[in-house]
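Work through the exercises below with the sequence and the 3D view side by side, and try each task before reading its solution.

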Amino acid sequence: MHPVQQYKHDNVFFTADLHLGHRNILKFTDRREFMSESERAVMASGDTKEIGNLRISNETLSRMNEELVRRWNAKVPPDGEVYVIGDFAMCKDIRQAQAWLKRLNGTVYLIWGNHDPRHIASAFRKCWEVLMIEVMDQPIWLSHYAHRNWPASHHGAWHLYGHDHARLPQLNNFSMDAGVDNQDAGYAPFSFRDLQAYFRKHVKGKGIDAQLRED
């Protein structure tokens, strides 16, 4: 598959599953870092009924939103290119999507996720269902859903996905959850250099250093 976008620089970033404005995502993904002490206590109890009845406060939701924006902007420069691999924000209309994007550094592209309403499409530079891009001659396949196999995987292409909020085990291959809930993300986008470091850490085998050579 020929890459749609090709970059000869590494000022390119990747993220997924921010769920900005989504109150219950804090419970579903256990984002305790942003919770109040009482909310963390309920989550720690393991009582499914209590957790189900827990209403995340407005303060906690705002804390998550603001921290995700802060960490994005601390990582991405104004001239960066950012690929959101699905589930950007809970947006009732395009104005909400535009308001979030106005606060975020970079030119932002979207790979459709299951929580992204199609009426927000024009807020982004461009949107795709799936996409092959190339950064510094490295092919990267983007899809909201994880693939066991993907285009050009046997020719060195990487695969970035979201949706599973870091619940899938990391396999010994060049695929990874690029979402904010990945422990290596720190609730921020991954840079291209971060991807190289991630695969060097998690993928073992002959020739790994040759494939991940620093350009």
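**Exercise 1: a residue in a loop**

A16 is found in the loop between β2 (12–15) and α1 (25–28). The model is a predicted one.

Task: decide whether A16 is buried or exposed, and find which residues A16 touches beyond those up to four places away in sequence.

Solution. Begin with the accessible area: a residue counts as buried under 20% relative accessible area, and A16 has a value of 0%, so A16 is buried. Next, list the contacts, leaving out residues up to four places away in sequence: A16 touches I85, G86, Y161, G162, A178, G179 and V180. Finally, look at Y83, which is 67 residues from A16 along the chain, although the C-alpha atoms of the two are separated by 8.1 Å.

**Exercise 2: the sheet**

Task: work out what the strand order of the open five-stranded sheet is, and which strands form its edges.

Solution. Following the pairing from strand to strand gives the order β1-β6-β7-β8-β9, and the pairing is mixed. The edges are then β1 (5–7) and β9 (175–177), since each of these pairs on one side only. Neighbouring strands of this sheet are turned by 25° against each other on average, with direction ignored. At the β9 edge, β8 (residues 158–161) runs parallel to β9 and is joined to it by three bridges, and Y161 stands opposite D177 in β9. To complete the picture, add helix α6 (residues 192–202), which lies across β6 (130–135), β7 (138–143), β8 and β9, and runs at about 105° to β8.

Within the sheet, strand β7 contains Q138. With a relative accessible area of 10%, Q138 is buried, and its side chain reaches the backbone oxygen of G156 at 2.8 Å.

**Exercise 3: the two faces of a helix**

Task: determine which residues of helix α5 (residues 94–103) are buried, and why they line one face of the helix.

Solution. The buried residues of α5 are A97, W100 and L101. Seen down the axis of α5, these buried residues fall within an arc of 95°, and therefore they line one face of the helix. As a general reminder, an α-helix has 3.6 residues a turn, so residues three or four places apart point the same way. The cover over the buried residues of α5 includes α4 (58–75) and β4 (107–111), whereas the face turned away from the buried side carries the exposed residues R95 and K102. Lastly, examine the N-terminal end of α5, which is capped by D93: a side-chain oxygen of D93 lies 3.0 Å from the backbone nitrogen of R95.

Key. Residues are numbered from 1 along each chain as its sequence is written. This is a predicted model: local features need pLDDT of at least 70, side-chain atom pairs count only at pLDDT 80 or more; totals for chains, interfaces and linings use all residues. Side-chain values use heavy atoms; hydrogens and water are left out. Two strands pair if DSSP finds at least two bridges between them. Helices (H or I, at least four residues) and strands (E, at least two) are DSSP runs, numbered from the N terminus. Axes are lines fitted to C-alpha atoms, for helices over the stretch in contact, and angles run from 0 to 180 degrees between N-to-C directions. Contact means heavy atoms within 4.5 Å. Buried means under 20% relative accessible area, exposed over 50%, partly exposed in between (1.4 Å probe, protein chains only). The arc is that of the directions from the helix axis to the C-beta atoms. A polar contact is a pair of N or O atoms within 3.5 Å; within protein, one must be able to donate a hydrogen and the other to accept it, and residues adjacent in sequence count only if both atoms are side-chain atoms.
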